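Visitor: Hi! I have a protein model open and I'm new to this. Could you walk me through it?

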Amino acid sequence: DKPPLAFWVQAIFVRVFGFHPLAILVPQALMGIASVLLVYDLVRRRFGRVGGTVAGLVLATTPIAVAMSRDNNPDELLTLACLAAVWFTVRAFEDGRTRWLALSGIAVGVGFETKMLVAFVVVPAIALAWMYIAPRGLLVGLRQLAVGGVAMLATALAWPLLVTLTPASDRPYIA
């Protein structure tokens with residue numbers, strides 16, 4: 001009932017390192033570490049190293065974050081993708097470039113390919129914050145937000161479109 005991206009990450013590790021419980025769990029732990037680093041950097045940009053360190057430690061020691069990092073479910077990749085979307089948006093706030101919003105949209109699309117509509121929970125906050133701050137003005141901000149939206153939809157719809165375009169007789173069992 002979920003898109004395959006999170007399972008593909010585990011499958012790549014199994015292919016490289018062989019079938020072993022660690023080959024399935026190490027990617028989860030690495031995604032957890034990456035999430036902590038993103039939270040650290042997000043908070044550090046506004047509140048300094050001490051604030052970033054505290055925020056990173058809070059995420060690293062939150063029981064649900066620890067549980068997600070040591071289990072083979074798609075939630076850790078979803079968390080990482082949503083945090084990456086916010087991180088890219090914060091970078092866009094700093095220099096006003098469209099590419100950061102496009103990357104934010106791609107990150108949300110990756111989240112969709114991980115756990116479908118749950119990834120879109122960050123989209124309203126990103127859009128509202130962008131429209132409120134819009135470093136280059138409201139009209140340019142709308143255009144930049146549209147670019148991010150197109151990138152998000154293109155990434156999110158890649159797997160469903162591929163499945164739809166593949167004849168039923170040629171594709172494996174999907175769900």
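Visitor: How many helices and strands does the protein chain have?

Guide: The protein chain has eight helices and zero strands. Helices (H or I, at least four residues) and strands (E, at least two) are DSSP runs, numbered from the N terminus. Along the sequence, the pattern reads α-α-α-α-α-α-α-α.

Visitor: Anything I should know before I read the numbers?

Guide: This is a predicted model, where local features need pLDDT of at least 70, side-chain atom pairs count only at pLDDT 80 or more, and totals for chains, interfaces and linings use all residues. Residues are numbered from 1 along each chain as its sequence is written, and side-chain values use heavy atoms, with hydrogens and water left out.

Visitor: What does the chain average in pLDDT?

Guide: The average is 92, and 98% of the residues score at least 70. The term pLDDT is the predictor's confidence in each residue, from 0 to 100.

Visitor: Which element has the lowest mean, and which the highest?

Guide: Helix H8 (residues 158-165) has the lowest mean pLDDT, at 89. Helix H5 (residues 98-115) has the highest, at 96.

Visitor: OK, overall picture. What does the C-alpha trace span?

Guide: About 50 × 40 × 25 Å along its principal axes. The chain has 175 residues, and 36% of them count as buried. Buried means under 20% relative accessible area, exposed over 50%, and partly exposed in between (1.4 Å probe, protein chains only).

Visitor: Now the inside. Which residues have the most contacts in the largest nonpolar core?

Guide: Leu38, Trp87 and Phe88 do, in a core of 25 residues. H5 supplies at least two residues of this core, and so does each of helix H2 (21-61), helix H4 (75-95) and helix H6 (123-133). The largest share, 10 residues, comes from H4. A nonpolar core is a set of buried Ala, Val, Leu, Ile, Met, Phe, Trp, Tyr and Cys residues joined through side-chain atoms within 4.5 Å.

Visitor: And what is Leu38 in contact with?

Guide: Leaving aside neighbours within four places in sequence, Leu38 is in contact with Leu80, Leu83, Ala84 and Trp87. Contact means heavy atoms within 4.5 Å.

Visitor: Ser35 caught my eye too. Is Ser35 buried or exposed?

Guide: Ser35 is buried, because its relative accessible area is 1%. Ser35 sits in helix H2. Beyond its neighbours within four places, Ser35 has contacts with Leu59, Glu76, Thr79, Leu80 and Leu83.

Visitor: Over to H5. What does the side chain of Thr114 reach?

Guide: The backbone oxygen of Val110, at 2.8 Å. That is a polar contact, a pair of N or O atoms within 3.5 Å; within protein, one must be able to donate a hydrogen and the other to accept it, and residues adjacent in sequence count only if both atoms are side-chain atoms. Thr114 belongs to helix H5.

Visitor: Why does Thr114 count as buried?

Guide: Because its relative accessible area is 0%. Not counting residues up to four places away, Thr114 touches Lys2, Pro3, Leu5, Ala6, Pro74, Leu77 and Leu78.

Visitor: What about an exposed residue?

Guide: Try Ile64, in helix H3 (residues 63-69). Ile64 counts as exposed because its relative accessibility is 56%. Ile64 and Gly51 are 13 residues apart in sequence and 21 Å apart in space, C-alpha to C-alpha.

Visitor: Switching to backbone angles. Where is Met116, and what is its phi?

Guide: Met116 lies in the loop between H5 and H6, with a positive phi of about 55 degrees although it is not a glycine. Most residues other than glycine have a negative phi. Met116 is partly exposed, with a relative accessible area of 36%.

Visitor: What is the phi of Ala134?

Guide: Phi of Ala134 is near 25 degrees, again a positive value in a residue other than glycine. Ala134 is in the loop between H6 and helix H7 (138-156). At 10% relative accessibility, Ala134 counts as buried.

Visitor: Last one. Which residue just after H1 takes a positive phi?

Guide: Gly18, with a phi of about 85 degrees. Phe13, which is in helix H1, is in contact with Gly18, and also with Ala23, Val26, Pro27 and Leu30, leaving aside neighbours within four places in sequence.
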